[in-house]
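User: Please take a close look at one part of this chain, the charged side chains and their partners. I would like one connected account that also places them in the rest of the fold.

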Amino acid sequence: MNDKGWSCGAQLEHPGVLYDVHRDYLKAGADIIIANTYATNRVVMDSAGMGDKTPLGIQRAVEIARDAINREGKSHVMLAGSLSTHPPEIPIGTAGGTYPWPPEDEIRAAYDEAALTLAKAGVDVLFLEMMKEPEKSFHAISAARDSGLPVFLGLSTRILPDNQIELFGNSHEGVPFTTEVLEKWLDAGGDSIVGVNVMHTNFSATGPTLDVVRKVWKGPLGAYPDHGHFKMPVWQFEEVDIPEAIDMVDSW
């Protein structure tokens, strides 16, 4: 992992490891795999000192994932490209904070470049992952829409002691997650949005967040709960009460 850009350049520096990850998911029965472009956009790549390699990084990530699909004989598997609001930098040993982002026009240009490069590289769909920064998410959603590809909107939340739900990630906190927020994002995506995924969200917050989403979204819906916490550069896993987790999943 890069000290500043996290996974942004793994496909350039460790392609074999990345291939093995895709292969393992395919062997496990995945119907969709995601190219390693979560943090591969010019904003993050510039911070990591690899800005000029942004298009190459995106292309190689798609090539490695597609190669895994072909070699495993999984022609039915869809290949997704990822866009996220991962910040320009997360200091080693921290869970996040406030970081200097470039001007809004540069952010939008970075998402446009990433989305269009992913489309040209041949992904089947775009996954917007961990939409948590309201304005920056709007840029990512709009860029994904303009790519012409179908889009899955992934959002991340946490639940507070007073049972209020807020958008949650490693660089922005304190914004309530409401139907109004989701409606604005869905309007920005327009007809390109084909699904909504509550992702990288703790088990306890996933159910209440799905309840909010269902009030305004009637299409395909996904859930990807996590358990633990992030400390750059790796996720810190915690024990999961399996019977309790099963009960929660059943309730969704």
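Analyst:
**Charged side chains and their setting**

Aspartate 112 counts as partly exposed, because its relative accessibility is 25%. The model is a predicted one, and every value below is computed from it. The side chain of aspartate 112 meets that of arginine 108 in a salt bridge, with a distance of 2.9 Å from N to O. Both residues belong to helix α5, where a spacing of 4 residues puts them about one turn of the helix apart. Arginine 108 is also partly exposed, since its relative accessibility is 21%. That value lies just above the limit, because a residue is called buried under 20% relative accessible area.

The contact between arginine 108 and aspartate 112 belongs to a network of salt bridges that also takes in Arg145 and Asp146. Across the whole structure, the search finds 12 salt bridges.

Helix α5 runs over residues 104-121 and also supplies 3 residues to a negative surface patch, the largest share of that patch. The full membership of the patch is Asp46, Asp52, Glu104, Asp105, Glu106 and Glu135. Of these, glutamate 135 sits in helix α6, which covers residues 134-146. Glutamate 135 is classed as exposed, because its relative accessibility of 54% is over the 50% limit for that class. Patch residues must be free of salt bridges, so aspartate 112, which pairs with arginine 108, could not be counted in the patch.

Helix α5 also has a buried position. Threonine 117 lies in this helix and is buried, because its relative accessible area is 13%. In space, the C-alpha of threonine 117 is 9.7 Å from that of glycine 81, although the two residues are 36 positions apart in sequence.

A second set of charged contacts involves helix α2. Aspartate 20 and arginine 23 form a salt bridge through their side chains, at 3.3 Å from N to O. About one helical turn separates the two, because they are 3 residues apart in helix α2. Aspartate 20 is partly exposed at 32% relative accessibility, and arginine 23 is partly exposed at 25%.

Lysine 27 makes a salt bridge with glutamate 72, and the closest N and O atoms are 3.3 Å apart. This pair connects distant parts of the chain: lysine 27 is in helix α2, while glutamate 72 is in the loop between α4 (54-71) and β2 (78-84), 45 residues away. The two ends of this contact fall into separate accessibility classes. Lysine 27 is exposed, because its relative accessible area is 56%. Glutamate 72 is partly exposed, since its relative accessibility is 23%.

Helix α2 also has nonpolar side chains at the surface. Val17, Val21 and Tyr25 make up a nonpolar surface patch with a combined accessible area of about 300 Å². Within this patch, valine 21 is placed in helix α2, residues 15-27. Valine 21 is partly exposed, because its relative accessible area is 38%.

Two residues outside these helices deserve a note on backbone geometry. Most residues other than glycine have a negative phi. Asparagine 163, which is not a glycine, has a positive phi of about 70 degrees. Asparagine 163 lies in the loop between β5 (157-159) and β6 (165-167), and it is exposed, because its relative accessibility is 57%. Histidine 200 is likewise not a glycine and has a positive phi, here about 45 degrees. Histidine 200 is located in strand β7, which covers residues 193-202.

As for the fold that holds these parts, the chain contains 9 helices and 10 strands. The chain is as compact as a globular protein of its length, because its radius of gyration of 17 Å is close to the 18 Å given by the globule rule for 252 residues. The C-alpha trace spans about 45 × 45 × 40 Å along its principal axes. Of the 252 residues, 46% are buried, and threonine 117 in helix α5 is one of the buried residues.

Notes
Residues are numbered from 1 along each chain as its sequence is written. This is a predicted model: local features need pLDDT of at least 70, side-chain atom pairs count only at pLDDT 80 or more; totals for chains, interfaces and linings use all residues. Side-chain values use heavy atoms; hydrogens and water are left out. Patches are made of residues with over 30% relative accessible area and no salt bridge: like charges are joined within 9 Å, nonpolar side chains (Val, Leu, Ile, Met, Phe, Trp, Tyr) within 5 Å. Accessible areas come from the Shrake-Rupley method with a 1.4 Å probe; for residues, only the protein chains shown count as cover. A salt bridge is a side-chain nitrogen of Lys or Arg within 4 Å of a carboxyl oxygen of Asp or Glu. Lys and Arg count as positive and Asp and Glu as negative; His and the chain ends are not counted. The place of a charge is taken as NZ of Lys, CZ of Arg, CG of Asp or CD of Glu. Buried means under 20% relative accessible area, exposed over 50%, partly exposed in between (1.4 Å probe, protein chains only). The radius of gyration is taken over C-alpha atoms; the globule rule is 2.2 Å times the number of residues to the power 0.38.
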